[in-house]
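Me: I would like to learn how to read burial, helix faces and core packing from a model. Could you take me through one case?

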Amino acid sequence: MIIEVTQFDKHSLRNLIRQRTPESLEKLNLLLSIPSVKALAHQEVTPRQSNELLRLSLSLNNQEAALVLLNIPAVRDLA
């Protein structure tokens, strides 16, 4: 069950990053304010793909989402 929740959270975060709207950024901030979700931000779902959310943000040129993620120490440390 924990793995399923983790994957759901990661997929939700990815979806919000892809949307690139003010509303999705607000929701991204809200989800990342939850400690258990924030703790997932730097972890890999795909093997050997750490910081997937940051890399997705940068690849989509979503600077706002990238800045939100870089404010998380674990994400910033891996960047």
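The turns below go through a helix, a core and a charged residue.

Reply: Gladly; please keep in mind throughout that this is a predicted model.

Me: Which residues of helix H2 are buried, and which are exposed on the other side?

Reply: A residue counts as buried under 20% relative accessible area and as exposed over 50%. In helix H2, which covers residues 22–32, Ser24, Leu28 and Leu32 are buried, whereas Pro22, Glu26 and Leu30 on the other side of H2 are exposed. Viewed down the axis of H2, the buried residues fall within an arc of 70°, so they line one face of the helix.

Me: Which residues have the most contacts inside the largest nonpolar core?

Reply: That core has 16 residues, and those with the most contacts inside it are Ile17, Leu28, Leu32, Ala41 and Leu69. Two or more residues come from each of helix H1 (2–19), H2, H4 and helix H5 (63–70), and H5 gives the most, with four residues. Leu28 and Leu32 are also among the buried residues of H2.

Me: What does isoleucine 17 touch, leaving out residues up to four places away in sequence?

Reply: Isoleucine 17 touches Leu28, Leu53, Leu56, Ser57, Leu60, Asn62, Ala65 and Leu69, and of these Leu28 and Leu69 are also listed with those having the most contacts inside the core.

Me: Is glutamate 52 buried or exposed, and which side chain does its own side chain meet in a polar contact?

Reply: Glutamate 52, which lies in helix H4 (residues 52–59), has a relative accessible area of 11% and is therefore buried. Its side chain is joined to that of arginine 14 by a polar contact of 3.4 Å.

Conventions. Residues numbered from 1 in each chain as written. Predicted model: local features only at pLDDT ≥ 70, side-chain atom pairs only at ≥ 80, totals over all residues. Heavy atoms only, no water. Buried < 20%, exposed > 50% of the residue type's maximum accessible area, 1.4 Å probe, protein only. Polar contact = N/O pair within 3.5 Å; in protein donor to acceptor, adjacent residues only side chain to side chain. Arc of directions from axis to C-beta. Core = buried A, V, L, I, M, F, W, Y, C linked by side-chain atoms within 4.5 Å. Contact = heavy atoms within 4.5 Å.
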